[in-house]
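Please consider the structure shown here, which is to be read in terms of its helices, its nonpolar core, its aromatic rings and its backbone geometry.

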Amino acid sequence: DALSAAFGGLRSRGARGALVEVFCALALGRPELRLEHTARVLLGLGAHATDASSLGPAASALLGLHAEKQGDDESKAERAPKRRARLDELDFDARATALSLAADGEFLKVAGVRQLAPLLHALCAELLGASDDLSLRHAAGGSLARLVRHAAGRAAALAAASLPGAPPANPPATEGEIPGAWRALLLRTVLKTARVALRLPMESESLRHLFLGLLADALRADAALAPDLAVLTNSADREADWFDNMAHTQLHRRRRALARVQTHIRAGQLTAPSLQNVILPIALTYAMATGDSWQTVAEEAVRTLGAVAAALPWRGYSTLLRTLLKLADANPALEKRLLKAMCAVLQEFGHAPEVAEEVGGIEGAPAAAAAAVEGVVEASDDEDDEEEKEGEAEAE
């Protein structure tokens, strides 16, 4: 598990190459772990055009063994550089082949958590990493989506098979295979990476939508992964699916999706972790959107922030308010909209007991919070007045 998780954190080419060499050695030395296919995929994902003559002994032995199984040296010939390559140039053919092998149907029929864990970590890092090639990113997203659906579907199938009188899962569960292991794997990889991706700026919209889609795929296959968020999916009518609408090219559908999720929040159907990790970053991103075409979406996002604030515990509420203050200070062009967002948050203040001691009583808590924001705004106005006076003095 520790070695698999390392693929999500290591960024340097040398460190990742050494980690792949360890997996190749495990695949050769411990055949009962069934890591040969996984190691070959990892080797291809990290391939560069100049790597053919610099592979470690275990990686070379693994590729040689695969070539013998194929009956020729075709795989070695494919790895050999056919032209002078730059030092850090990606081996696009090797990576494309590895991405295809990662989601191979025959492999998935027999793969367990141990075999898929390093691939999920590596593919999540591949998408968030330095690779700017759109075709490779698209292929990585497609392979990751298939792995996610398989892992979530396997968890749901094992859970259903554990019910009294239910037929066994197909294929049958292996020794020690339980739904919790698959769900924990998805939480450690895809859902963890999605929390990072959803906080990316508007310029990275395609990547944010990709991970939003991966999250939706997992929830459709296994609602138990996050039951509160699963109520936002709709496999029978994808037109009504919240996740699909939030990634739709038509902006009015995103606005309606934001309005719809407010109903779920007000009804108390979404937990604080889901609000903080999924809904809040999406609303904050759209509240910062610029351009006339985004105006209605941004206004709906501001109202969504108010609904989220009403459902957050005190720590999350205060963090949101401080975040909006910092954003307003750093983005003068959006100050008016962000102040509206702060007003929406303050209108939902419901944490008087937690802060009563700090502000001198429950009755004074909302007023004190509003006064604090007013003081920040007045201080900002005073600074602007001083800057104008200094500018006039310099001009004279």
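A residue is called buried when its relative accessible area is under 20%, exposed when this is over 50%, and partly exposed in between. Tyr317, at 1% relative accessibility, is therefore buried. The model under discussion is a predicted one.

Tyr317 offers a convenient entry to the aromatic rings. A pair of such rings is described by the distance of the centres and the angle of the planes. The ring centre of Tyr317 lies 6.1 Å from that of Trp314, and the two planes meet at 25°; because planes under 30 degrees apart count as stacked, this pair is stacked. Both residues belong to helix α17 (residues 314-330), where they are three residues apart, about one turn of the helix. An α-helix has 3.6 residues a turn, so residues three or four places apart point the same way. Trp314 has a relative accessibility of 28% and therefore counts as partly exposed, whereas Tyr317 is buried. Together with Phe349, Trp314 and Tyr317 make up one aromatic cluster.

The whole structure contains six aromatic pairs. One of them joins Trp242 and Phe243 in an edge-to-face arrangement, with 5.1 Å from centre to centre and 85° between the planes. Trp242 is buried because its relative accessibility is 1%, and Phe243 is likewise buried, at 2%. An aromatic ring also takes part in a contact of another kind: the charged end of Arg208 sits over the ring of Tyr286, 5.7 Å from the ring centre.

Trp242 leads on to the nonpolar core. The largest such core comprises 105 residues, and Leu144 and Ile279 have the most contacts inside it. Helix α9 contributes the most to this core, with ten residues. Which residues does Ile279 touch, leaving aside those up to four places away in sequence? They are Leu232, Trp242, Val261, Ile265, Leu270, Ser274, Thr304 and Val308.

Helix α9 (134-161) is also among the elements against which the buried residues of α6 pack, the others being α3 (36-45), α7 (105-110) and α8 (113-128). Helix α6 spans residues 92-102, and its buried residues are Arg95, Ala98, Leu99 and Ala102. Why do these residues line one face of the helix? Viewed down the axis of α6, the buried residues fall within an arc of 100°, so they line one face. Asp93 and Ser100, on the other side of α6, are exposed.

Helix α2 covers residues 13-29, 17 residues in total, and extends 24 Å from its first C-alpha to its last, close to the 24 Å expected at 1.5 Å a residue. Its buried residues include Leu19, Val20, Glu21, Phe23, Cys24 and Ala27.

Two features of the backbone remain. Most residues other than glycine have a negative phi, and most peptide bonds are trans. Arg34, located in the loop between α2 and α3, has a phi near 55°, a positive value in a residue other than glycine. With a relative accessible area of 43%, Arg34 is partly exposed. The peptide bond between Asn170 and Pro171 is cis, with omega at about 0°. Pro171 is placed in the loop between α9 and α10 (179-197).

Definitions and conventions:
Residues are numbered from 1 along each chain as its sequence is written. This is a predicted model: local features need pLDDT of at least 70, side-chain atom pairs count only at pLDDT 80 or more; totals for chains, interfaces and linings use all residues. Side-chain values use heavy atoms; hydrogens and water are left out. Helices (H or I, at least four residues) and strands (E, at least two) are DSSP runs, numbered from the N terminus. The expected span of a helix is 1.5 Å times one less than its number of residues. Buried means under 20% relative accessible area, exposed over 50%, partly exposed in between (1.4 Å probe, protein chains only). Rings of Phe, Tyr and Trp (its six-membered ring) pair if their centres lie within 6.5 Å; planes under 30 degrees apart count as stacked, over 60 as edge-to-face and the rest as tilted. A charge sits over a ring if NZ of Lys or CZ of Arg is within 6 Å of the ring centre and within 35 degrees of the ring normal. The arc is that of the directions from the helix axis to the C-beta atoms. Contact means heavy atoms within 4.5 Å. A nonpolar core is a set of buried Ala, Val, Leu, Ile, Met, Phe, Trp, Tyr and Cys residues joined through side-chain atoms within 4.5 Å.
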